[in-house]
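Thanks for sharing this one with me. Here are some friendly notes to read with the structure open beside you.

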Amino acid sequence: MLRIFSRIMVRSCQLVKPVQVILVSDRCLNQQKGLPRVPVPPLWKTCEGYLSALEPIIEEDELKRAKQLVEVFMKGGGVGEELQRSLERKACNTDNWMADLWGKLEYFENRSPVVINTNLPIVCPRLDFRDKQGQIRCAAKIIIALLEFKTTIENETLPAENLGGKPLCMEQYSQLLSTCRIPGLVRDSVVFHAKSANPPKHITVVYNFQFFVVEVYHNDGTLLTVDQLCVQMERICNFTSATNTEPVGILTTLNRDSWSKAYLSLMKDQTNKESLSAIERSFFTLCLDRAIPRESDKYCTCDFHLITHGGGSQWNSANRWFDKSLQIIVAEDGSWGLNLIHIVTDGTVIMAFTDYLVASMKKPEMIQASILPLPMPQKLHFSVTPDIKEIIEQAKRSMDGNIRNFGLSVMVFDHFGKNYLKAHNMSPDAFIQMAIQLAYYRMNKQVCASYEAVSQRMFRHGRVSLLLSTTSVSAAFVKAFDDPEKQNTEKIDLLQKAIKTHKENIKVVTGGHDIVAHIIALSLQAVDNKIPMPDIFRDISYKKFLNYQLTTSQVTSNTGSVAVHQVDECFGYSSCYSVHNSHFVIEMAASNTHKRRSTHHLIQNMKDALLDMRALLEQTPRAT
């Protein structure tokens with residue numbers, strides 16, 4: 001049960017509503033204390049929502065039994081009330097009971113590899129260079145932009161953000177740099193070095209599978225210039241010795257059990273310990289990659305593979321440290337992007353940060369004199385035993401296998417966009433959600449459980465919640481759409497009801513009522529208090545409730561960047577999409593371990609669904 005919730009929550013990161021985030025002139029942490037705590041929803045309301053979520057996805061006899069189990073669970077003086085009181089007491093002693101639950105189950109106890117499964121890749125628009133010099137200069141400019149952003153965080157001059165007039169939690173920005181996930185035998189941990197007694201002053205650069213420390217500040221505290229950083233990276237790229245260095249970075253692609261054992265083995269050697277510490281403490285990791293073969297489509301999927309997993313052991317998968325909170329990846333052919341851990345930050349924050357970096361690349365360079373001598377970059381050494389060498393080979397095979405099982409498709413849908421739907425009084429986000437469900441229904445002839453990730457940064461330490469996007473009305477719509485006996489007016493009515501319900505549910509979830517988190521938190525209270533697990537959590541309906549075949553997030557960028565949704569072989573399809581005035585960008589990912597899954601077919605069916613739904617709007621004039 002805990003593993004199910006771990007797999008669900010691991011992929012929830014993005015903001016669902018296309019509402020503009022407003023920057024205000026205030027210190028970003030000033031508003032933190034005034035943010036409310038996330039509430040514990042009423043028990044009756046969650047149970048009511050639970051049954052509503054079950055109605056379209058389970059059989060009639062299963063629903064009848066589920067209602068009986070819920071009735072028993074909610075009985076006055078019964079186990080439901082006992083678990084609710086226990087959770088309420090816990091919530092009184094923590095700033096955010098949901099974030100605690102989310103962090104523990106989603107990351108620290110999840111033993112899957114972080115690559116593909118949990119990390120968040122962001123693919124940025126390709127830059128105009130095709131050689132090593134262009135790659136180095138681009139990387140230097142990104143470093144400067146990133147460190148300038150870091151200064152605004154440290155000085156608390158980063159503008160505070162508001163959404164719909166409500167202040168947002170800004171804490172995640174302060175955790176973005178100098179942070180690293182540490183593998184553990186039972187559960188992982190995360191270390192924050194930014195505010196340590198001896199804070200770091202360096203980044204790590206990885207090139208040709210070798211790691212280097214580069215100091216980015218002079219002794220007087222000033223930043224290195226772009227030209228000086230170029231000198232340092234040229235030195236690294238010209239480093240010709242030890243070309244047969246073992247690719248230690250590939251170890252971070254292993255499942256957490258295997259990696260934690262290898263990590264402990266590495267830490268027994270003092271040289272390894274110092275090298276690992278240098279990587280973990282650094283502001284971020286810069287990965288200078290080789291170019292991989294490209295395709296011709298606008299959003300080249302090879303860019304998505306490069307940023308997500310590096311392309312395999314023969315390319316750049318070992319040119320990484322996937323436990324680092326932030327990796328900046330720059331390839332020789334102009335491809336670049338970010339790969340981040342989700343433990344400390346979510347998609348809303350990451351995309352705002354990414355847009356800042358992309359915009360910074362377009363600014364003219366300032367010519368700065370470089371007269372101060374620069375220390376040589378420090379190469380990090382590893383003592384690799386025969387046992388570790390064997391684990392490295394295992395990691396290569398494992399990584400390559402995981403990549404073969406990773407299905408990914410990207411589509412630029414340019415037939416219409418946000419403006420068209422707004423003109424028809426349709427929520428673009430809800431419209432896309434209905435299209436995804438219709439596409440899935442056409443492929444599989446059944447309705448499935450689905451969710452959309454919703455930001456909860458309106459609350460203190462707020463992260464994400466799940467909006468259950470499959471409802472009885474959305475199910476009625478997808479079933480009726482291709483029914484020749486249904487009139488277009490009836491189909492339009494169902495579409496409007498489904499969209500209205502979706503928008504109403506968004507308000508409920510952003511207001512702090514996460515049915516999924518609440519009901520699972522209640523089950524965990526039974527575990528913590530050594531209470532026999534109630535039947536409601538043992539029933540088949542509960543398993544189906546958590547069996548999401550569509551996991552979705554809207555992540556819209558102002559600069560053309562695209563997020564890649566994480567996948568899990570036990571679930572179905574994952575999708576990130578971005579909404580623009582005249583087009584949508586839709587990314588679809590899935591595990592290929594199930595032969596019936598095809599991201600290509602689903603994304604094509606989604607295109608057809610969007611076009612057919614537009615045709616329905618145009619063929620059915622509405623009274624004004």
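1. Let's begin with Glu156, in a model that is predicted. Is Glu156 buried, exposed or partly exposed? Its relative accessible area is 25%, and a residue must be under 20% to be buried and over 50% to be exposed, so Glu156 counts as partly exposed. You will find Glu156 in the loop that links α6 to β3 (159–163). Its backbone is worth a look too: phi is positive, about 55°, although Glu156 is not a glycine.

2. Lys445 makes a nice companion to Glu156. Lys445 also has a positive phi, near 60°, and is likewise a residue other than glycine. Its place is the loop between α15 and β14 (449–455). With a relative accessibility of 63%, Lys445 counts as exposed because the cut-off for that class is over 50%.

3. Now go back to the helix before the loop of Glu156. Helix α6 (residues 132–154) packs with helix α12 (residues 347–360), and their axes lie 9 Å apart at an angle of about 130°. Why are the two called oblique? An angle has to be over 145 degrees to count as roughly antiparallel, while 65 to 115 counts as roughly perpendicular; the angle of about 130° falls in neither range, and therefore α6 and α12 are oblique to each other. The crossing of α6 past α12 is right-handed.

4. Which residues make this helix contact? From α6 come Ile142, Ala145, Leu146, Glu148 and Phe149, and they meet Phe353, Tyr356, Leu357 and Ser360 of α12. Sorted by class, the contact of α6 with α12 holds seven nonpolar residues, one polar and one charged.

5. Next, try following strand β10 (residues 326–331). How many of its residues are buried? Six of its six are, and the strand is mostly covered. This goes for both faces: Leu326, Ile328 and Val330 are buried on one side, and Gln327, Ile329 and Ala331 are buried on the other.

6. What does β10 pair with? As background, strands of a sheet pair through backbone hydrogen bonds, in either a parallel or an antiparallel way. β10 shows both senses: strand β9 (residues 285–289) pairs with β10 in parallel over five bridges, whereas β10 and strand β11 (residues 336–340) run antiparallel and are joined by five bridges. To find the pairings on screen, look for Asp289 opposite Ala331 in β10, and for Gln327 with its bridge partner Asn339 in β11. The hairpin of β10 and β11 has four residues between the strands, and there Gly334 takes a positive phi near 95°.

7. Then there is a sheet with mixed pairing. Its six strands form an open sheet, in the order β13-β19-β18-β16-β14-β15. Which strands stand at the edges? They are β13 (406–413) and β15 (464–468); each has a single partner strand, so one side of each is left without a neighbour in the sheet. On average, neighbouring strands here are turned by 20° against each other, direction ignored. For the edge strand β13, the partner is strand β19 (residues 584–591): the two run antiparallel and are joined by eight bridges. In that pairing, Val412 stands opposite Val585 in β19.

8. Tyr577 sits in strand β18 (residues 573–579) of this sheet. Its relative accessibility is 1%, so Tyr577 counts as buried. Leaving out residues up to four places away in sequence, Tyr577 has contacts that include Asp429, Ile432, Gln433 and Ile436, as well as Val585 and Ile586. For a sense of scale, the C-alpha atoms of Tyr577 and Asn198 are 41 Å apart, and 379 residues separate the two along the chain.

9. Finally, have a look at helix α16 (residues 472–481). Which of its residues are buried? They are Ser474, Ala475, Phe477, Val478, Ala480 and Phe481. The cover over them includes α15 (428–444), α17 (488–510) and α20 (599–619). Take Ser474 as an example: its relative accessibility is 0%, so Ser474 counts as buried. Apart from its neighbours within four places in sequence, Ser474 is in contact with Met434, Gln437, Ser469 and Ala498.

Note on methods:
Residues are numbered from 1 along each chain as its sequence is written. This is a predicted model: local features need pLDDT of at least 70, side-chain atom pairs count only at pLDDT 80 or more; totals for chains, interfaces and linings use all residues. Side-chain values use heavy atoms; hydrogens and water are left out. Axes are lines fitted to C-alpha atoms, for helices over the stretch in contact, and angles run from 0 to 180 degrees between N-to-C directions. Angles under 35 degrees count as roughly parallel, over 145 as roughly antiparallel, 65 to 115 as roughly perpendicular and the rest as oblique. A crossing is left-handed if the near helix is turned anticlockwise from the far one by less than a right angle, and right-handed if clockwise. Contact means heavy atoms within 4.5 Å. Ala, Val, Leu, Ile, Met, Phe, Trp, Tyr, Cys and Pro count as nonpolar, Asp, Glu, Lys and Arg as charged, and the others, Gly among them, as polar. Buried means under 20% relative accessible area, exposed over 50%, partly exposed in between (1.4 Å probe, protein chains only). Two strands pair if DSSP finds at least two bridges between them.
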